Structures are given as C-alpha cells and as structure tokens.
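Me: Hi! I have a new protein to look at and would love some company. Could you walk me through it?

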Amino acid sequence: MRIHGSLDIGADGHVVAVRLKDEQVIPAGVVGFVKESMAGWEFEPTLQDGKAVPITTPVSLRVVGKVQGDGSARIEIRSASFMDYREDDLTRPARLSGSVPTYPVRTAGRGAAADVFLLIQVGRDGKVRNVAAEQVNLRVLVPPRQLDTVRTAFANSAIQAVRDWQFRIPTQGPLADRETWVVRFPVRYADQRPSGDVPAWEPYLPGPRQRAAWQQPERVTVAPDALGDGVYVAGDTRGPVLKTVLGQG
C-alpha cells in the first residue's frame with residue numbers, strides 16, 4: 001500500500017505532527033500503526049543559516065503487509081520518501097512531451113500490472129541521453145519461472161517509450177549549470193481495474209535494484225518505490241534526512 005501525507009518536524013529532529021492523505025479509506029489498524037511509527041521517527045536537524053529550524057515535509061510511504069502462519073498480519077513501513085514534485089518548479093527538470101509506454105500484453109499477458117522505476121539521463125537540450133530500469137515491481141502474482149520474463153517486458157516497454165521524451169531543464173537554482181541531470185521517473189502500468197492513487201492493498205513483488213554505469217553515487221539512500229508520480233533528481237538533498245531505520249514491523 002502506498003500512503004501519502006505530511007510531517008511537522010521540530011528543530012530537534014523529532015516528529016511533532018503526522019497527517020495522512022485519504023485517511024478515511026485506510027484500514028484503522030494501518031492508520032494507527034503508521035501514525036505511531038512515524039511519531040517516533042528521528043531526523044537530522046534541518047539547518048538554515050547554521051541554525052536548526054522546524055519544518056513541514058511531504059512524505060510518501062510504502063507499507064507492506066504479510067499474513068503469518070497463525071493467520072495474523074504483520075505490517076511494516078518498508079520505505080519512505082520526503083521529496084515532492086511540482087511541475088512549475090524551475091529549479092528541477094520536468095517532463096514536457098513524449099510517447100506513452102505500450103502495455104506489453106504479448107509478453108506479460110492480460111491483467112498483469114507493474115511499476116517500472118526508471119533512471120533517465122537528460123542533456124542540456126532536454127533530450128534523453130541514457131535510460132535504464134532501476135527496479136521493476138510487479139503488482140500481480142506471477143509464477144517464479146516467469147518473473148524475469150514479465151519484469152523484462154515491462155522494463156523494455158518503458159525504456160523504449162522514454163527514449164524520445166523531451167524534458168524542460170532547470171533554468172534557476174543550483175542545478176541550472178549542470179551539463180546533464182539524472183532523474184527518477186516511475187511508470188505505473190495499471191491493470192483492468194485502475195484505482196488511481198487511493199491507498200489500497202495490492203500484490204507486491206519487488207524486483208532487484210539495478211545501478212546504471214552513468215549514475216553518480218548518492219549521499220542519501222533513496223527507495224524508488226516510495227516515490228509518488230513525477231520527476232525526481234537523483235542525489236537531491238532538499239528533503240530531511242531520516243535517522244530511524246525502517247522495515248521494523
């Protein structure tokens with residue numbers, strides 16, 4: 001389940017308030033667990049002019065649930081992102097135009113669904129120089145022998161479509177003078193019953209993380225499948241840095 005919201009973080013790095021989007025449609029047990037967990041998170045203090053200050057940050061979560069042998073459920077916050085995307089932000093790249101990925105029905109089969117998390121290298125002309133699939137998560141149950149084939153089909157579909165995309169490059173801010181930008185872009189292939197971005201349980205078969213040869217090291221670890229829709233600069237350090245270790249259900 002993907003959950004979005006926001007956090008108020010005090011000057012000392014501790015969470016002051018938690019707000020969840022679409023809370024009314026999320027199971028009450030999940031809401032309670034998520035809020036209680038996030039209330040105990042600790043961040044590195046955010047500094048302005050050398051002084052720690054309180055902030056409000058967007059948050060996007062990947063919550064994973066598993067049914068145990070005794071029939072009970074175990075849930076955990078697998079990953080979180082504190083970056084948001086605004087199409088009118090001239091300090092970051094934005095997608096302008098390009099082909100829509102074709103659903104790979106011949107290889108993946110009807111009813112299959114997946115999230116492909118792309119790494120895209122954009123040049124100063126706004127064109128794509130390189131593209132790679134960083135991770136492919138399936139949202140349907142697939143026999144183990146077919147996992148690689150189906151993931152590859154979705155990855156190839158997304159990569160092929162992205163090659164002719166055009167991006168708007170940053171014209172303001174500290175990134176404007178770069179020769180290239182590496183961005184993350186999630187491509188979500190819907191099944192026959194699209195539910196939009198409303199939180200709901202769905203099958204989750206995460207694929208392995210891949211690294212592109214042209215990708216620079218990042219100071220902050222980013223989980224691609226916690227990102228919302230949009231264009232995100234790889235290595236972006238605008239968001240707060242979480243000190244708490246996730247994955248503890």
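Reply: Happy to! Let's start with a definition for talking about charge: Lys and Arg count as positive, Asp and Glu count as negative, and His and the chain ends are not counted. Also keep in mind that this is a predicted model.

Me: Okay, so how far apart are the mean positions of the positive and negative charges?

Reply: They are 5 Å apart, taking the 31 positive and 28 negative charges of the protein.

Me: Switching topic: how many helices and strands are there?

Reply: The protein has three helices and 12 strands. Its radius of gyration is 19 Å, close to the 18 Å given by the globule rule for 249 residues, so the protein is as compact as a globular protein of that length.

Me: And what box do the C-alpha atoms fill?

Reply: Roughly 55 × 50 × 30 Å, taken along the principal axes.

Me: What share of the residues is buried?

Reply: Of the 249 residues, 46% count as buried. As for the surface, the protein exposes about 13000 Å², and carbon and sulfur atoms supply 50% of that.

Me: Let's zoom in. How many residues of strand β8 are buried?

Reply: 10 of its 10 residues, so to speak a full house: β8 covers residues 114-123 and is mostly covered. Both faces are covered, with Ala114, Val116, Leu118, Ile120 and Val122 buried on one side. On the other side, Asp115, Phe117, Leu119, Gln121 and Gly123 are buried too.

Me: Which strands does β8 pair with?

Reply: One is β9 (residues 128-138), paired with β8 in the antiparallel sense over nine bridges. Another is β11 (residues 180-189), which also runs antiparallel to β8 and is joined to it by 10 bridges.

Me: Can you give me some residue partners to click on?

Reply: Sure! Ala114 has Leu138 in β9 as its bridge partner, and Leu118 stands opposite Phe185 in β11.

Me: What's in the turn between β8 and β9?

Reply: These two strands form a hairpin with four residues between them. Look for Gly126 in that turn, which has a positive phi of about 80 degrees.

Me: Now another glycine: where does Gly5 lie?

Reply: Gly5 is in strand β1, residues 2-9.

Me: Which residues does Gly5 touch, leaving aside its neighbours within four places in sequence?

Reply: Gly5 is in contact with Arg19, Leu20, Lys21, Thr57, Pro58 and Val59.

Me: And how far is Gly5 from Asp49?

Reply: Their C-alpha atoms are separated by 28 Å, and the two residues are 44 residues apart along the chain.

Technical notes:
Residues numbered from 1 in each chain as written. Predicted model: local features only at pLDDT ≥ 70, side-chain atom pairs only at ≥ 80, totals over all residues. Heavy atoms only, no water. Rg over C-alpha atoms; globule rule 2.2 N^0.38 Å. Buried < 20%, exposed > 50% of the residue type's maximum accessible area, 1.4 Å probe, protein only. Areas by Shrake-Rupley, 256 points an atom, 1.4 Å probe, with all protein chains shown as cover. Charge placed at Lys NZ, Arg CZ, Asp CG, Glu CD. Contact = heavy atoms within 4.5 Å. Pairing = 2+ DSSP bridges.
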